[in-house]
Structures are given as structure tokens and as C-alpha cells.
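Colleague: Could you walk me through the salt bridges in this one? I'd like to go pair by pair.

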Amino acid sequence: MSVSHSVFPQVDVAIVGGGASGALVATHLAGVGADGPRVALIEAGDRLALGAAYSTPRPEHLLNVVASGMSAFDARPDDFVDFLRAGPWAGEAPDAIRGRFAPRMLYGRYLQTILDGLPADAPLKRMHGEVDTVSPVADGGFRLTLTSGDAFHARTVVLAIGNASARLPIPGADALSSAQLREAWDYPRVAAIDPDADVCIVGAGLSMVDAVLTLRANAHRGRIVALSRNGLMPLPHVAAAAPASGAYAEAALEAVLAGGVRTRMRALRAWAAHEQAAGRPWQGVMAAVRPYVQAMWASLPVSEQRRFLRHAARQWDIHRHRIAPEVASMLEVLRAGGGFALLAGRAKALRVDDRVRIDYLGRDGAPGRIEADVVINATGMEKRIVRTANPVLRSLLAQGLARPGPHDIGIDTRHDGAVRDREGCPVPGMWALGVLRVGSLWESVAMPELRGQAHQVATAVRRQLADGRA
């Protein structure tokens, strides 16, 4: 329930957003027990630590990283594996668990267990509500007002606001009824689709994969068609894709880290071809460059970043954000059997009469039409902050306490996550992490980045509180 001003008038840290990122920051701050700072973890949803990704109740939705890579703590790399061994996968060999792709619902349970395992005397308040405004006060700190009208004071603020769905980018989409339109992240409503309905999924990324998995699990009989501009969907992981190494890899990595987008993409393709010629999977190249992605992005001039966003981002995404091999195999079987089709084209118009009709222009320039009973919006997260519907982000932008990140993606932050105001100066006592930093870092949504950022932000908050600067 919400906490009123009279009950909880002031905290040291207000964490806005109680998904995975917010929960990890709270864990680092409150884990020391009664001696830690007073923390408020504020979440608009019903459950903490889950966010959009890990709130799925569907067992068919798997993580896109093996269990060995999903610890919430850099210092305890086997933490998630140990959780699985202690409960859901008790009795299985550790090495077998490390290489498996666990259901995301189990990972959500893991994060909740971490939060619930904090010391009983930890000064952590769990607050259910949506923050409406965050405003600086004259004597320091910030006043946070919730949409319920409750308000309180915080010495520092951490913005851990997660993914929000992008709007369906088709003229005429506003005519869809709630029965005809489902959001891919609304897992219960996707699962409730009539098995005989013809379904059009707009988008071909990870959210599309989730939707198809759920329809298949429900023995869907209707037609399933996905439409995306490029007609490309995520590629699979392979079991034996160790990071590419050796003298060739060292030289290839140097080439990938230098030059413009075209030069780097050519270097990546040449490196991948070299690995395949040697009988090794190309996925090892992506594993080798994985720790350098943020540096690759930051080292590109603004003009080259724009070039990447226009021409290379989708190719990068399908190679970088891969899916479990068993999921990829299932999708190929469905496609081969006619149960699922992926079309490449740009949707031009949508109209509704007895059914939904989407007119599109194919990659070859030929017009096409998809008829469906239900449309699933799987276009992914809204990266452009100027389009946000989140009230606290709109409030911060209006007050000049934040500004859009590079290319209007996310919000602008310093290297340590400090939020930059309208003039580009760090806002004392305010940090951001996760998806809000995508414009500055590009790679800022996967667990290795989130856990590192959570620790970094918590350390900065503690330092500022100790210095008395907040």
C-alpha cells in the first residue's frame, strides 16, 4: 500500500522503480541492516523485483543467457546457479545447470528471494504507488509526490524506471478495440487469445518470440503472422560458443574497436567468417566483443552513431540478443510446418471492419495485406524519452532536471550514472541506471550491465550521504 507523509516523512534514498534494477540498488544499500541508509523502494506494479521481463508467469519464456551468466552480483558468479540448486532444480549437477536457459519466472523468483532475504532490521520501506513529480527543495534533497497525493522528502533519488512499450506505429491503430489489440508484455492477455483467432504480431524481436511461444503452448490453431521492416528475428545461441581468442582475435578486436560503422561491421563479419572456417561458431565473436560494447558505442562520433541506428542496429540486435537454441528450433519447426510466418515489410495503414486489415509495403516494393482477428504489439520498448508517458520523467524534463540522452534515447547521464540537467550539469543527489542510460551506453539492459550499475550507483549514493552533500 502507499505510505503517507505523516507515516514516512523522510528517507535518505528514494528509488523510483522497483523492478530488477531498483531491487538490486535497494539490496546493496539496505543489505547492511540497521546501520544502512533509510531507503524507499517505490513500484507502481503489484510485485517488486520483476519489471516487464521477469513478471511473466509463463514457463515457456526462457532467459536469453545461460544460468552461469545471470548472477545478480559480480562478486558471486554462481549465485543464481546456487539458487536453482537449492530449490527448483535441486539434485541436478552444477555444471549441467550452468549451461541451461532457465525460465524467466524462476529468475524473477530469484530476485524476489534476494530482496526478501535482507536483514529484518534493514531500514527499507516497500511502497506501492506511482511517482508523479520529483522536485528539488530549498534546503536540499527532493520532494516526491505520488499520483495518490502522498508526498515525502528524500535526500537522494535513484531513477530505476524500466521498460515501457512503444506505441503501435501504424496509421489507424487507434481504431483497434481492447479485444483486438494486445501488448506483448501483457502476458495474461496474450495467453487469453482464442486459439482459433488469426493473429498478426507487429515486430520480430524478443517480444515476438515470447508471444509465439505462448500461442504455441496454448495449442493455437489460427494463423500466426509476424510483420517487421527487415523480416529478421533473433538468432540462436549455441552450446559451445566460448569467446574467440588467440592472436587473430586480438587483431580482429582492435579492428572492431576502431573506425566508423562500416569498417567495424566489415571487421566483425571477417572475424566471424574466420571462426566458421576454423570450425568454430560465429557466436564466439559476439562473446569476445561483449565486454567492449559500451566502449565501442562511446568511441563512435555522433554522426556514426546515427549511421549505426539507421543501418546496422537491427543486424546487431539479432546477433547480439540471441535466443535459447531450443526456442530457435521450435520456431523453425513452426515456420516449416506453416504454423508461423515472418513477413518483411513496412505497415502503411490499418483499418477495422469485421476484421483487422493491415496494408504493408514489402521489401521488394510489392504491396501486401494481412487480415487478422487480433494484433499483438511486439515493437519493443520506447527508447525515445520525448515520447514517454511516465509522469516523473515528464516532470523532470519539464523542470530542466533531466534532458534527453544522445539521439533522444533515454536520458543523459554522466559516466557514473549521475543525471545531467538541461544545461548538461550533474544534478546533485540524482542517479539513473538501466534502460534510461541506453542512449549514453547503448548496452544497458542486460544483467551484467544492470548488476554493475546497481553496485556503482549504490556506492555513489553512500559516498554522497557520508559526505553530507545530500
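Colleague: Which residue does arginine 100 pair with in a salt bridge, and how far apart are the closest N and O atoms?

Modeller: For a salt bridge, I want a side-chain nitrogen of Lys or Arg within 4 Å of a carboxyl oxygen of Asp or Glu. This is a predicted model, with local features needing pLDDT of at least 70 and side-chain atom pairs counting only at pLDDT 80 or more, while totals for chains, interfaces and linings use all residues. Residues are numbered from 1 along each chain as its sequence is written, and side-chain values use heavy atoms, leaving out hydrogens and water. Arginine 100 pairs with glutamate 92, at 2.6 Å.

Colleague: Is arginine 290, bridged to glutamate 449, buried or exposed?

Modeller: The closest N and O atoms of arginine 290 and glutamate 449 are 2.7 Å apart. The arginine sits in the loop between α10 and α11, and its partner in helix α16, 159 residues apart (helices are DSSP runs of H or I, at least four residues; strands are runs of E, at least two; numbered from the N terminus). Buried means under 20% relative accessible area, exposed over 50%, partly exposed in between (1.4 Å probe, protein chains only). With 17% relative accessibility, arginine 290 is buried.

Colleague: And what is the relative accessible area of glutamate 443?

Modeller: Glutamate 443 meets arginine 320 in a salt bridge, 3.1 Å from N to O. That arginine belongs to helix α12, while glutamate 443 lies in the loop between α15 and α16. Arginine 320 is buried at 10%; glutamate 443 is buried too, at 2%.

Colleague: How many salt bridges does the structure hold?

Modeller: Some share partners, joining residues such as Asp198, Arg351 and Asp373 into one network. The total for the structure is 28.
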